[in-house]
Amino acid sequence: MRLRLGQVLPALCLCAAFPLLWYAAWPGSRGNDLDMYQHQLLELQQRLLYAEKENKKRSHELNSALDEIKHIVARRMNITKTHTGDMKWKELNFPSKLPMHLTNVYYYLPHLREYEDAIFPNVIFGQQRTGVSLVMGIPTVKREKQNYLIDTLHSLLYKLSEEQKKDCIIIIFIAELEDDIIAIPDYIESIKSFAAQQSQDWMVLEFSQLGFIGKLFKSEDLPLIVEFFLMFYKDKPIDWLIDHLLWVKVCNPEKDSTHCEKEKSKLRIRAKPSLFQHMGVYSSLAGKIQNLKDKDFRKNLLLKAHNNPPAKLDTSLRIYHQYTLEKVYKGQDCFWASAPVAGDYIRFTFLNPLEVEKYLFRSGNVEHPGDKLFNTTVEVLPADEMLIKELVDNGSKFNYPATKDGYLKIGAFENGIAEGSINRSIGRIQAIRLSVSSDSPVWAILSEVLIKTSEN
């Protein structure tokens with residue numbers, strides 16, 4: 001049974017005062033000593049009464065604050081529509097709604113009592129969605145050398161469909177993903193698929209072997225997990241606490257470690273290959289360099305290969321190390337070159353003239369999202385030599401401007417991507433060229449090439 005602070009303190013203090021009374025009543029003690037002790041006891045009693053009054057006041061304020069939090073949460077849940085994807089999460093026995101119990105937050109984090117709004121985000125940017133399949137938390141801190149948050153967000157949102165964006169929420173914490181990671185393009189579907197294959201007994205699904213990156217929990221387990229973290233976060237890292245929590249739940253002190261690990265593995269399940277990779281170098285701890293890499297992460301999962309037609313590839317750009325045009329054309333790696341200047345080009349010359357239906361060129365990637373092609377046009381060279389001569393002599397009869405060497409400008413890069421279809425009246429295409437019209441301050445990466453023809 002719990003005792004209130006106001007009950008415990010008088011008991012302790014009166015016990016401590018008993019020897020003083022006994023001493024005061026001892027024969028031979030002086031009267032002025034008795035008066036002094038009586039005065040001190042009276043003063044102590046007044047202080048205890050004041051402390052009990054303050055304790056009741058704080059308790060009342062805390063209860064009022066918690067009631068207000070419950071009202072706000074209930075009001076938001078009532079006015080917000082529930083959005084779910086095509087996947088039936090009922091198959092996983094996930095509850096549709098499970099409120100988070102926050103009654104012990106103030107006990108473990110007493111400094112929050114002084115700030116009524118401290119447990120709410122400072123900025124809410126979104127559509128107040130609830131009932132989504134996936135909630136991603138990104139803890140972040142200010143680093144002295146470099147900030148990775150924007151690149152991390154870019155990687156998480158990279159290539160997500162509108163439906164996927166509506167079925168997830170990203171929460172950025174100031175204080176499990178991390179703020180310096182990259183993700184494979186289809187990570188959301190991979191997470192859903194892996195979760196659907198598991199039994200209901202799991203507690204943690206891991207999509208990265210490093211630290212607290214890529215850990216998935218069920219909403220029904222969050223109250224227990226959060227309270228455990230709150231109790232011990234000052235003592236050990238969070239990723240260590242996960243293991244301790246599982247030990248408490250399933251390990252038997254009377255059995256050996258082999259049995260313990262076997263039981264924990266039933267609740268903590270790893271997915272391979274990893275969906276997330278740690279990219280940061282500068283740790284959130286001042287002066288620390290963090291070069292950790294997930295060995296189970298496959299970089300080729302960031303690439304998207306297409307069945308492009310046979311072609312001769314050449315460029316005026318200075319290629320960086322092994323990142324050649326041939327590798328991006330085959331979907332084996334990206335093409336990476338030093339900063340382009342006006343007049344530079346990348347050219348794809350087909351071994352046989354082709355009827356090209358559409359094209360896609362994507363620059364930049366999740367590791368280096370800023371290395372894009374700017375002020376770059378997409379140009380095609382018709383296979384009809386008579387048409388080329390006419391274009392050179394008289395200009396284009398199409399809606400596309402013509403270059404002096406007979407190419408038609410059919411598109412341009414916008415926000416790092418050039419995509420479109422080709423007018424069939426142009427006929428067969430002999431070559432496609434990407435032409436840079438101005439100097440670039442950054443290097444250039446070509447991460448995806450798609451040339452769709454009538455034959456492929």
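Is Cys-168 buried or exposed? In this predicted model, Cys-168 is buried, because its relative accessible area is 4%, and buried means under 20%. That small question opens a walk through the structure, beginning with the overall picture and moving on to the cysteines, a lysine in a helix, a sheet and some backbone details.

The protein contains eleven helices and 16 strands. Of its 456 residues, 37% are buried. The exposed surface of the protein comes to about 28,200 Å², and 54% of that area is supplied by carbon and sulfur atoms.

Cys-168 has company among the buried cysteines. Cys-334 is also buried, with a relative accessible area of 5%. A further pair takes part in a disulfide, and the structure holds one such bond. A disulfide is a covalent bond between the sulfur atoms of two cysteines. Here the partners are Cys-251 and Cys-260, with an S to S distance of 1.9 Å. The torsion about their S-S bond is about 70°, so the disulfide is right-handed. Both ends of the bridge are covered: Cys-251 is buried at a relative accessible area of 10%, and Cys-260 is buried at 7%.

Lys-192 offers a polar counterpart to these buried residues. Lys-192 belongs to helix H6, which spans residues 187-196. With a relative accessible area of 9%, Lys-192 counts as buried, because that value falls under the 20% limit. What does the side chain of Lys-192 make a polar contact with? The partner is the side chain of Asp-167, at 2.5 Å.

Turning to the strands, four of them form an open sheet in the order E9-E16-E11-E14, with antiparallel pairing. Strand E9 (335-337) and strand E14 (417-421) are the edge strands, each pairing on one side only. On average, neighbouring strands of this sheet are turned by 20° against each other, direction ignored. Strands of a sheet pair through backbone hydrogen bonds, either parallel or antiparallel. Strand E11, covering residues 356-363, pairs with E14 in the antiparallel sense over five bridges. Within E14, Ser-421 stands opposite Lys-358.

Some loops carry backbone features that a computational chemist may like to inspect. Most residues other than glycine have a negative phi, and most peptide bonds are trans. Against that background, Lys-272 and Pro-273 are joined by a cis peptide bond, with omega about -5°. Pro-273 sits in the loop that runs between strand E6 (268-270) and strand E7 (276-278).

Positive phi values occur at His-321 and at Asn-415. For His-321, phi is near 50°, and the residue is found in the loop between strand E8 (311-315) and helix H10 (325-330). His-321 is exposed, with a relative accessible area of 59%. Phi of Asn-415 is likewise near 50°. Asn-415 lies in the loop that links strand E13 (408-412) with E14, the latter being an edge strand of the sheet described above. At 66% relative accessibility, Asn-415 counts as exposed, because exposed means over 50%.

Technical notes: Residues numbered from 1 in each chain as written. Predicted model: local features only at pLDDT ≥ 70, side-chain atom pairs only at ≥ 80, totals over all residues. Heavy atoms only, no water. Helix = DSSP H or I, 4+ residues; strand = E, 2+ residues; numbered from the N terminus. Buried < 20%, exposed > 50% of the residue type's maximum accessible area, 1.4 Å probe, protein only. Polar contact = N/O pair within 3.5 Å; in protein donor to acceptor, adjacent residues only side chain to side chain. Disulfide = S-S within 2.5 Å. Pairing = 2+ DSSP bridges. Axes fitted to C-alpha atoms, helices over the stretch in contact; angles between N-to-C directions. Areas by Shrake-Rupley, 256 points an atom, 1.4 Å probe, with all protein chains shown as cover.
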